[in-house]
Amino acid sequence: MSALEVTFVTADRTVWTGQASQVVVPAIDGSMGILPQMQPTLAILGDGVIRIHDLDGHVDERSVSGGFVSVDSDVVTIGVDDAEAQAPHADRV
């Protein structure tokens, strides 16, 4: 199984780095899912939630307002001004 190498940074810190099975980002023209072996892509982010699914099935969710995502050869780079952790939802498993 292929994995994504993800680096998620803000202006002053690294938010998340490691391997993931998928990443979902709020592109300005709609939600964009990123999976291994995706074509190279560069997108501008809008307001929304970034979801990183690690290889163990855990999901890290962060609210963002703008930024960018770059995908190339299973390397995902996300850059934003700020990222706030989402509160866990009781209805999620």
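Which residues of strand β1 make up its covered face, and which its uncovered one?

**Close-up 1. The two faces of strand β1 in the predicted model.** Strand β1, which runs over residues 4–9, has a covered face made up of Leu4, Val6 and Phe8, while Glu5, Thr7 and Val9 belong to the uncovered face.

**Close-up 2. The antiparallel pairing of β1 with β2.** Strand β2 comprises residues 14–27, and its pairing with β1 is antiparallel and extends over 6 bridges. The two strands are joined by a hairpin through 4 residues. Within this pairing, Glu5, a residue of the uncovered face of β1, stands opposite Gln19 in β2.

**Close-up 3. The parallel pairing of β1 with β6.** Strand β1 also pairs with strand β6, residues 75–79, here in the parallel sense and over 5 bridges. Phe8, which lies on the covered face of β1, stands opposite Ile78 in β6.

**Close-up 4. Ser73 and Asp74 in the loop between β5 and β6.** Ser73 is found in the loop that lies between β5 (59–72) and β6, and it has a positive phi of about 55° although it is not a glycine. Asp74 is found in the loop between β5 and β6, and this residue, which is not a glycine either, has a positive phi of about 65°. Ser73 counts as exposed because its relative accessibility is 61%, and the cut-off for exposed is over 50%. Asp74, by contrast, has a relative accessible area of 17% and is therefore buried, since buried means under 20%.

Terms used. Residues are numbered from 1 along each chain as its sequence is written. This is a predicted model: local features need pLDDT of at least 70, side-chain atom pairs count only at pLDDT 80 or more; totals for chains, interfaces and linings use all residues. Side-chain values use heavy atoms; hydrogens and water are left out. Buried means under 20% relative accessible area, exposed over 50%, partly exposed in between (1.4 Å probe, protein chains only). Two strands pair if DSSP finds at least two bridges between them.
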